[in-house]
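I sat down with this one and a fresh page in the notebook. Here is what I looked up, in the order I went through it.

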Amino acid sequence: MTSVPTPIPSRTQYVLEEIKRRILTGRLTPGQALVETELAAQFGVSKTPVREALKTLAGTGLVVMSQYKGVTVRMVDADMAREVYDVRLLLEPEALRRAVRRGASLDAARSALTSADEATDTAERSLANREFHRALYLPCGNPLLGRMLDEVRDQAALVSAVAWAASPSWEREAGEHREILRLALAGDADGAARALHAHIASFVERAFPRAEDPAANQAVNRATNQATNQEGQE
């Protein structure tokens, strides 16, 4: 007999989405403590929805639960970033290739790209960029492939938030997004997949370079330290 997933109560879902939004837009920074009583007071709920939301976020890799440190926003380092982006490199270009070959509608991707261009702050642009990538892979025709990419989507967004804090590269990525969509709309499945692969690979190498590029590594370290200092002042 197939089990049916238990739906998340509405209060827990609200708390879950709000904490996730704050993490992915940089309001809650890597390493920052997430205290149940404080979050419950902020959201006007009991500790139970907060506790359940944090457990779910731990399952997605956005927060870490420790017996000694409590719950904290997950730290981002080069190893974590490369693991997440390696999965994207293996799966996301192929998903886009399949979506183009099957003639799937990419209207949602076009809309997300417009939203990113018209965004008035980094939070809006970050969320729009996430929707752009999802709109490229979701119509691939393989729901399991889409779900696998959804599972790393939040972690990839956390990596991006840290990287953009170190070195904003919105304009470059926007141009790459436009080229990927142009190729996809033209029906060039292989070209669009290659462009997407290059886009993902170049981002993680710029943001988390290998050890032989100390200057770039220092930029990432400065951003991480700034986030940690900001947390200590709050």
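**T12.** I started with T12, which I found in helix 1. The model is a predicted one, so I read every value here as computed from it. Is T12 buried or exposed? T12 has a relative accessible area of 7%, and because the cut-off for buried is under 20%, T12 counts as buried. Next I asked which residues T12 touches, leaving aside those up to four places away in sequence. My list reads P49, E52 and A53.

**E18 and R21.** I stayed in helix 1, which spans residues 10-24. Here E18 and R21 form a salt bridge, with their closest N and O atoms 2.6 Å apart. The two residues sit three positions from each other, about one turn of the helix. I then checked how much of each is covered. E18 has 13% relative accessibility and so counts as buried, while R21, at 33%, counts as partly exposed.

**E94 and R97.** I moved on to helix 4 for another pair. E94 and R97 make a salt bridge, and their closest N and O atoms lie 2.5 Å apart. About one helical turn separates E94 from R97, because they are three residues apart in helix 4. E94 comes out at 26% relative accessibility, so I noted E94 as partly exposed. What network does this pair belong to? I traced salt bridges linking E94, R97, R98, R101 and D190.

**D154 and R130.** Then I looked at a pair that spans two helices. The side chains of D154 and R130 meet in a salt bridge at 2.5 Å, N to O. D154 belongs to helix 7 and R130 to helix 6, so this pair ties together parts 24 residues apart in sequence. I wrote down both D154 and R130 as buried. How many salt bridges are there in total? My count came to 19.

**The cavity.** Next I went looking for enclosed space. Rolling a probe the size of a water molecule over the atoms shows where empty space is left. I found one cavity of 30 Å³ or more, and its volume is about 280 Å³. Its lining has 21 residues, and those nearest the centre are Y85, R88, N129, H133 and S160.

Which helices supply at least two residues each to that lining? I listed these:

- Helix 4, residues 78-101.
- Helix 6, residues 122-137.
- Helix 7, residues 143-166.
- Helix 8, residues 170-185.
- Helix 9, residues 189-207.

Helix 7 gives the most, with seven residues. I also sorted the lining by character and got nine nonpolar, six polar and six charged residues.

**The whole chain.** Last, I stepped back to the overall layout. I counted ten helices and two strands, and along the sequence they run α-α-α-β-β-α-α-α-α-α-α-α. Of the 234 residues in the protein, 47% are buried. What share of the contacts with a separation of 6 or more comes from residues 24 or more positions apart? That share is 72%. For the surface, I noted about 12,400 Å² exposed, with carbon and sulfur atoms supplying 51% of it.

Methods: Residues numbered from 1 in each chain as written. Predicted model: local features only at pLDDT ≥ 70, side-chain atom pairs only at ≥ 80, totals over all residues. Heavy atoms only, no water. 1 Å grid on protein atoms, 1.4 Å probe; cavity = no way out; pocket = protein on both sides within 12 Å on 5 of 7 lines; lining within 4 Å. Points joined across faces, edges and corners; volume = space filled by probe spheres on them. Helix = DSSP H or I, 4+ residues; strand = E, 2+ residues; numbered from the N terminus. Nonpolar A, V, L, I, M, F, W, Y, C, P; charged D, E, K, R; others polar. Salt bridge = Lys/Arg side-chain N within 4 Å of Asp/Glu carboxyl O. Buried < 20%, exposed > 50% of the residue type's maximum accessible area, 1.4 Å probe, protein only. Contact = heavy atoms within 4.5 Å. Areas by Shrake-Rupley, 256 points an atom, 1.4 Å probe, with all protein chains shown as cover.
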